[in-house]
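Take a look at the structure below. This report walks through a few of its features, one at a time.

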Amino acid sequence: MLKQRVITAIILFALFMLALFAAATLLWQILVLVIIWQSAVEWSRLSAITGIGAKVYCILTVLAAIAVLWFDATMSAEWQTYLHLAIYSLGVLLWVFVVPAWLIAGWRPQMPWFMAAIGLLIILPTAIAMLDLRAYNPWALLFAMSMVWVADIAAYFSGRRFGKTKLASAISPGKTWEGVYGALVAVTVYVLACWASGLFGVYPHFFPGMIVAAWWWVGLSVIGDLFESAIKRQAGVKDSGALLPGHGGLLDRIDALTSTLPFAGLALMLQRLA
């Protein structure tokens, strides 16, 4: 199982890097739209939206992203910034206030279309962030995503090796506080290595803030992971899908990205307004 996970992860990473640095803008946009579609398909299953309703939901989710692309192509940069700022703000509010309260209360809503709306607030800001950060600088998107990957890998192995204290046994019995501590150490070392290699370029003063951001990233990634686990538990499934051998569905791989990338996108929009 672990070997299969590793092989799939290597293939995905290679394809992602090729697309990130070599694909034309239009091809990257199409790839993001495919990600949106697959995410919507998996979320509709988790939300108990079936039949024609699931198809309509997936189409509407993709159309929402296309509408944003159309808006960006026809409106001024200032209005683009305002729209994206609004999208990211909704996503950030969801992850900062709604999801933590949801997890603490153990809420299990049985309203498919309410869940569909929540899915849109999860999928759309993440997808727009993938477009915005890549347009700004592919390395910025890679850095934001790689911090999540480093945290995820470190949490997995440190949790397996040292895990004793359950993080949220009612939601995800396999996650432990030792895994979180391992993730914190790993992202700290990762940021130190990036700083030492000169990745921050002419902005070395970003370094202290990046350490704090890395720790914040770990917390956000844990929330994203736990939230998807709670939704899967409510739906009575182990994985969101079977698209990726050894990993499950696409949402199983990007759950922590959905709770972090909107924050990176929001920071980019605020920088534009500054």
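Ala48 sits in the loop that joins helix 2 (25–46) to helix 3 (51–74). This is a predicted model. Ala48 has a positive phi of about 65°, although it is not a glycine. Most residues other than glycine have a negative phi. Is Ala48 buried or exposed? Ala48 is exposed, because its relative accessible area is 54% and the cut-off for exposed is over 50%.

Now turn to helix 6. Does its length fit its residue count, and what are the numbers to compare? Helix 6 covers residues 138–162, which makes 25 residues. At 1.5 Å a residue, helix 6 should span 36 Å. The C-alpha atoms at its ends are 35 Å apart, so the two values agree.

The N-terminal end of helix 6 has a cap, Asn137. A side-chain oxygen of Asn137 lies 2.9 Å from the backbone nitrogen of Trp139. Several residues of helix 6 are buried, among them Leu141, Leu142, Phe143, Met147, Val148 and Gly159. Arg161 also belongs to helix 6. Arg161 is exposed, because its relative accessible area of 60% is over the 50% cut-off. The C-alpha atoms of Arg161 and Glu178 are 8.9 Å apart, while 17 residues separate the pair along the chain.

Here are the two exposed residues side by side.

| Residue | Relative accessible area |
|---|---|
| Ala48 | 54% |
| Arg161 | 60% |

Next comes the interior. The largest nonpolar core holds 78 residues. Which of them touch the most other members? They are Trp28, Ile36, Trp43, Trp217, Phe227 and Leu261. Helix 5 (residues 112–136) gives the most to this core, with twelve residues. In soluble globular proteins, nonpolar side chains tend to be buried together.

Trp43 deserves a second look. Leave aside its neighbours within four places in sequence. Trp43 is then in contact with Tyr57, Met115, Ala116, Ile118, Gly119, Ile122, Ile123, Phe227, Ile231 and Leu251.

Trp43 also helps line the largest cavity. How many cavities of 30 Å³ or more does a search of the whole structure find? The search finds two. The largest cavity has about 70 Å³ of space. Its lining is made by Trp43, Trp95, Ile122, Gly224, Phe227, Glu228, Leu251, Asp255 and Thr258. Helix 8 (207–235) and helix 9 (250–258) each supply at least two residues of that lining.

Conventions:
Residues are numbered from 1 along each chain as its sequence is written. This is a predicted model: local features need pLDDT of at least 70, side-chain atom pairs count only at pLDDT 80 or more; totals for chains, interfaces and linings use all residues. Side-chain values use heavy atoms; hydrogens and water are left out. Helices (H or I, at least four residues) and strands (E, at least two) are DSSP runs, numbered from the N terminus. The expected span of a helix is 1.5 Å times one less than its number of residues. Buried means under 20% relative accessible area, exposed over 50%, partly exposed in between (1.4 Å probe, protein chains only). A polar contact is a pair of N or O atoms within 3.5 Å; within protein, one must be able to donate a hydrogen and the other to accept it, and residues adjacent in sequence count only if both atoms are side-chain atoms. A nonpolar core is a set of buried Ala, Val, Leu, Ile, Met, Phe, Trp, Tyr and Cys residues joined through side-chain atoms within 4.5 Å. Contact means heavy atoms within 4.5 Å. On a 1 Å grid over the protein atoms alone, a cavity is a set of points where a 1.4 Å probe fits but cannot get out, and a pocket is an open set with protein on both sides within 12 Å along at least five of seven lines; lining residues have an atom within 4 Å of a point. Grid points are joined across faces, edges and corners, and a volume is the space filled by probe spheres set on the points.
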